[in-house]
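Please look over the fold below. The report takes the sheet first, then the helix and the loops.

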Amino acid sequence: MEGEAAHHLGRVLRAQTGQLYELSDGEQVWLGRIESVGRDRIQFALLEELPVVHVDVNVTLLLAVVKFDVFEWAIERPPNLE
């Protein structure tokens, strides 16, 4: 790991050699152990691949607004859920 993410893990979260983390590329998940911590670089040893759990989440938004014009505005402009 390099760059800003490594700096944050090493300096802000004070990662230390030997700690275990779950690492993911968005498709696979691995258990990794920190081998070395540098200024802007952290090296991991990948120990084992972990099972990926896909969870289906259904979200329902309920809106209670008294004034009709505000309700119309909420329907016209759905929230940005990113």
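## Strands 1 and 2

Tyr21 has Gly32 in strand 2 as its bridge partner. This is a predicted model. The pair belongs to a longer register: strand 1 and strand 2 are joined by 5 bridges and run antiparallel.

The two strands form a hairpin, with 4 residues between strand 1 and strand 2. Gly26 sits in that turn and has a positive phi of about 95°.

## Strands 2 and 3

Strand 2 covers residues 29-37 and is joined to strand 3 by 8 bridges. This pairing is antiparallel as well. Ile34 stands opposite Phe44 of strand 3. Ser36 has Gln43 in strand 3 as its bridge partner.

A hairpin is formed here too: 4 residues lie between strand 2 and strand 3.

## The sheet as a whole

The 3 strands make an open sheet in the order 1-2-3, with antiparallel pairing. Strand 1 (20-24) and strand 3 (42-50) are at the edges. Each has a single partner strand, so one side of each lacks a neighbour in the sheet. On average, neighbouring strands are turned by 40° against each other, direction ignored.

## Helix 1 across the sheet

Helix 1 spans residues 4-12. The helix lies across strand 1, strand 2 and strand 3. Its direction relative to strand 3 is about 95°.

## Arg14 in the loop after helix 1

Which residue other than glycine has a phi near 55°? That residue is Arg14, and the value is positive. Most residues other than glycine have a negative phi. Arg14 is placed in the loop between helix 1 and strand 1. With a relative accessible area of 62%, Arg14 is exposed.

## A nonpolar patch

Val53, Val55, Val57, Val59 and Leu61 make a nonpolar surface patch. The patch amounts to about 540 Å².

Where is Val59 placed? Val59 is in the loop between strand 3 and helix 2 (68-76). Is Val59 buried or exposed? The relative accessibility of Val59 is 59%. Exposed means over 50%, so Val59 counts as exposed.

## Summary

Strand 2 pairs with strand 1 through 5 bridges and with strand 3 through 8 bridges. Helix 1 lies across the three strands. Two exposed loop residues complete the picture: Arg14, between helix 1 and strand 1, at 62%, and Val59, between strand 3 and helix 2, at 59%.

Notes. Residues are numbered from 1 along each chain as its sequence is written. This is a predicted model: local features need pLDDT of at least 70, side-chain atom pairs count only at pLDDT 80 or more; totals for chains, interfaces and linings use all residues. Side-chain values use heavy atoms; hydrogens and water are left out. Two strands pair if DSSP finds at least two bridges between them. Axes are lines fitted to C-alpha atoms, for helices over the stretch in contact, and angles run from 0 to 180 degrees between N-to-C directions. Contact means heavy atoms within 4.5 Å. Patches are made of residues with over 30% relative accessible area and no salt bridge: like charges are joined within 9 Å, nonpolar side chains (Val, Leu, Ile, Met, Phe, Trp, Tyr) within 5 Å. Accessible areas come from the Shrake-Rupley method with a 1.4 Å probe; for residues, only the protein chains shown count as cover. A salt bridge is a side-chain nitrogen of Lys or Arg within 4 Å of a carboxyl oxygen of Asp or Glu. Buried means under 20% relative accessible area, exposed over 50%, partly exposed in between (1.4 Å probe, protein chains only).
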